[in-house]
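User: I would like to go through the charged side chains in this model and hear the reasoning behind each label.

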Amino acid sequence: MTSNVGPTVRRRRLGQELRRLRQEKGMTAEEVAEELMVSQSKISRLENGRRSISQRDVRDLCRTYKVEDKALVDSLMQMAKESRQQGWWNAFGDVPYSVYIGFETDAASLRVYEPQVLPGLLQTPEYAEAVISGALPEAPQDQIAQRVQVRLRRQERITDPLSPLRLWAVVDEAAMRRVVGNSKIMSDQLDYLVRMSHEPHVTVQALPFDMGSHPGMSGQFTILEFSDESDTSVVYLEGVTSDLYLEKLSDVQSYSMMYEHLRAQALNADQSRQFITEVAQEHARRHEEGAAGAAGEADAAD
């Protein structure tokens, strides 16, 4: 039951096993909560892996479900112990989207649709800082720096020589044309995006404006998939104050179908590189024109 995965996925697996035991016992979450004198929401959070599970929680639940298999109980207790270990992101302090990072760290592949910004795993440090500063205009500089460092640390999954993350990204033209930071930052960022798209485990597809309406117009989403068949896929929807994780098979299938339509409407990989390169060149020309104009004004002032 155990494997080399991080605490987030391990907690999720443990929660699924506890749910299975409850259902085999024929008990509702409300009945379990009443017997243990805890809230029903605690039982639900334990089962969906959103709450840390202590060995005491496991012991109490196994007693409630009258689990007689000592080996199973010991295994669940060990999983509870290991699920409370800290992930690498804990070293950066309070990271608001730590649950997502835990999933991403253990994922085998990601399918991402980005309508407004370029994918976080493919951002340059300068672009990342400009994005975060714009999204959090009142945040202190040290918090922005912390978030940039976390984003750069996440990118190590892409360059991991032993087990690189398989990334497929469909990116709307709006994300490429929006000037984040300045034209030089955008030009460098898009050049970097093209370079990364040549990696065998990275695919980038551009979705130009003239493709018209498409299934992704409702907003950004990410589909995370795992190598272990027992770990079902997760759809991640990012929010301003809270995030949403969809794990029901029907939800995952719906978003997977949406993604297939997006991939079909987007330019293919070679066409996308050409398209992104042209947009990068436009940003570079604007930067050069701006620099030349500033130099001319300086000469005139002299």
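Analyst: What follows covers salt bridges, burial and a charged patch in a predicted model.

User: What makes K42 and D57 a salt bridge?

Analyst: The closest N and O atoms of K42 and D57 are 3.3 Å apart. The rule asks for a side-chain nitrogen of Lys or Arg within 4 Å of a carboxyl oxygen of Asp or Glu, so the pair qualifies. This pair links distant parts of the chain, with K42 in helix 3 (residues 40-47) and D57 in helix 4 (residues 55-64), 15 residues apart.

User: Why is K42 called buried?

Analyst: K42 has a relative accessible area of 16%. Buried means under 20%, so the label applies to K42.

User: How do you know whether D57 is buried or exposed?

Analyst: By the same cut-off of under 20%, D57 counts as buried because its relative accessibility is 12%.

User: Why are K70 and D74 said to form a salt bridge?

Analyst: Their side chains meet at 2.9 Å, N to O. The limit is within 4 Å, so the contact between K70 and D74 counts. Both residues lie in helix 5 (residues 70-83), four residues apart, about one turn of the helix.

User: Why is K70 called exposed?

Analyst: The relative accessibility of K70 is 59%. Exposed means over 50%, so K70 meets the condition.

User: And what makes D74 partly exposed?

Analyst: D74 has a relative accessible area of 39%. Partly exposed is the range between buried (under 20%) and exposed (over 50%), so D74 belongs there.

User: What makes E156 and R153 a salt bridge, and how are the two residues classed for exposure?

Analyst: The closest N and O atoms of E156 and R153 are 3.3 Å apart, and the limit is within 4 Å, so the pair is a salt bridge. E156 counts as partly exposed at 43% relative accessibility, and R153 is also partly exposed, with a relative accessible area of 27%. Elsewhere, salt bridges that share partners join R111, E225, E260 and R263 into one network.

User: How many salt bridges does this rule give?

Analyst: The count comes to 19 salt bridges.

User: Which residues gather in a patch of negative charge on the surface?

Analyst: The patch consists of E30, E31, E34 and E35. Glu counts as negative, which accounts for the sign.

User: How do you know that E31 is accessible enough for the patch?

Analyst: E31, in helix 2 (residues 29-36), has a relative accessible area of 40% and is partly exposed. Patch residues need over 30%, so E31 passes that condition.

Notes. Residues numbered from 1 in each chain as written. Predicted model: local features only at pLDDT ≥ 70, side-chain atom pairs only at ≥ 80, totals over all residues. Heavy atoms only, no water. Patch = residues over 30% accessible without salt bridge, like charges linked within 9 Å, V, L, I, M, F, W, Y side chains within 5 Å. Areas by Shrake-Rupley, 256 points an atom, 1.4 Å probe, with all protein chains shown as cover. Charge placed at Lys NZ, Arg CZ, Asp CG, Glu CD. Helix = DSSP H or I, 4+ residues; strand = E, 2+ residues; numbered from the N terminus. Buried < 20%, exposed > 50% of the residue type's maximum accessible area, 1.4 Å probe, protein only.
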